[in-house]
Amino acid sequence: MLALIVAAFICYSYFWSILEWGLIGGVVYGLYRFVTMLVASQDRQAPRPHSSFRHSAFQAESDDPLPTLTDDAPSPDAVIEEVDDALENEAALKIGKEGELRVDRILNRVAMDHLTDVYLEDERGLTQIDHIAKMPWGLVVVETKTYGGFISGTRNYQEWKQSFRLVGSDKYYLFQNPVCQNFRHLAAVRYVTGLNDHVSSLVVFAGSARTSRRVHHQIVRIKHLKTALRQRPTTDYLPDWKRDAAWDALKRHAHANRGRAAEHLEQLKRRSERF
C-alpha cells in the first residue's frame, strides 16, 4: 500500500513538472512568433532606396532572341533618327548609371582587380572605357549598355537600330554598334599595355531590351556576366609577371588621364561635326 502511495506521488510530481515546462515553452514560442511576425511586417513596409533606374514599359520576359525581330533596314516610310547611343526608354534621353554600378559590383567579386570609368590616350586620341577587369589569364574590356525597347542590326554591321514597337514601328533610332565601339577601347588597352591576344571584349546588356538573333550572339546579359568572365579564352599562357606589369602600366595611364572628361567630350564633338 505504501509503495502505491509513493508511486502515485512521484507520478503526480512528474505530471505537474511536465505541465509547467510545457506552459513555459508555449509562452516562449508564442513570444518568438510574435517578434518574427513584427519584424517581417516592418521589412515589408520599409521604403525601398531611391534609384535612378526605371524599367522600360517593355520589360523583357525572356533573354532569348525574338524570331520576329529582324536585322533588315527600316522600311522606307519609317521615321529614322540618328543618335549617339540607344535609349533606356523612349521618354528618357539619358541612360542611368545603374547598369554600370551593377557591373561594378560583379567585378568586385569575380575579378582580381578592376578599373572603372577609365580614360586612355593612344595615337587616335582619348577614349573612355566603362570597365577593365584583371583576370588570371589577361584583361577584359567591358562596355555596359542599359538599353530598353527592341534592338536589332542593320545591313551595315557598324550600325544597330532600336525601336519601341515590335511590329510595324514607325520610328527607329540608329546608333553605333557597341561591339565596334568596344573595339576602339580594345585597341587603346592593347596600345598602353603591349598585350594583344590576352585582351578581350565584352558588351554587357544591363537593361530590359529584347534583341534579334544576330545581336543576341554578340552581347552578354548581366545575369550571365560572372560565367562569361570565368570562361578562359583559348590563348597561350600569359606569365603572371607580364600580366601584372601590363596592369601596372594601365593603372599609371588611367591615373595620369584623370580629369580629362571634358577634353574627351570636346574631341567627340569635333569628330561628330566632321561627319
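How much of the accessible surface of the protein chain belongs to carbon and sulfur atoms? The share is 56%, out of an accessible surface of about 17200 Å². These legends describe a predicted model.

**View 1. The whole protein chain, with its helices and strands.** The protein chain holds 7 helices and 10 strands. It has 275 residues, and 42% of them count as buried. Contacts between residues at least 6 apart in sequence were also examined. Of these contacts, 69% join residues at least 24 apart.

**View 2. Strand 5, residues 150-153.** Two residues, F150 and S152, point one way from the strand. I151 and G153 point the other way. Buried or exposed, which word fits these residues? All of F150, I151, S152 and G153 are buried.

**View 3. The hairpin of strand 5 and strand 6.** Strand 6 covers residues 159-163. Strand 5 and strand 6 run antiparallel, and 4 bridges join them. Between the two strands of the hairpin lie 5 residues. F150 has S163 as its bridge partner in strand 6.

**View 4. Strand 5 beside strand 9.** Strand 9 spans residues 210-211. Here the two strands run parallel. They are joined by 2 bridges. Opposite F150 stands R210 of strand 9.

**View 5. F150 and its partners on two strands.** F150 belongs to strand 5 and is buried. In strand 6, its bridge partner is S163. In strand 9, R210 stands opposite F150. Strand 5 thus pairs antiparallel with strand 6 and parallel with strand 9.

Terms used:
Residues are numbered from 1 along each chain as its sequence is written. This is a predicted model: local features need pLDDT of at least 70, side-chain atom pairs count only at pLDDT 80 or more; totals for chains, interfaces and linings use all residues. Side-chain values use heavy atoms; hydrogens and water are left out. Buried means under 20% relative accessible area, exposed over 50%, partly exposed in between (1.4 Å probe, protein chains only). Contact means heavy atoms within 4.5 Å. Accessible areas come from the Shrake-Rupley method with a 1.4 Å probe; for residues, only the protein chains shown count as cover. Two strands pair if DSSP finds at least two bridges between them.
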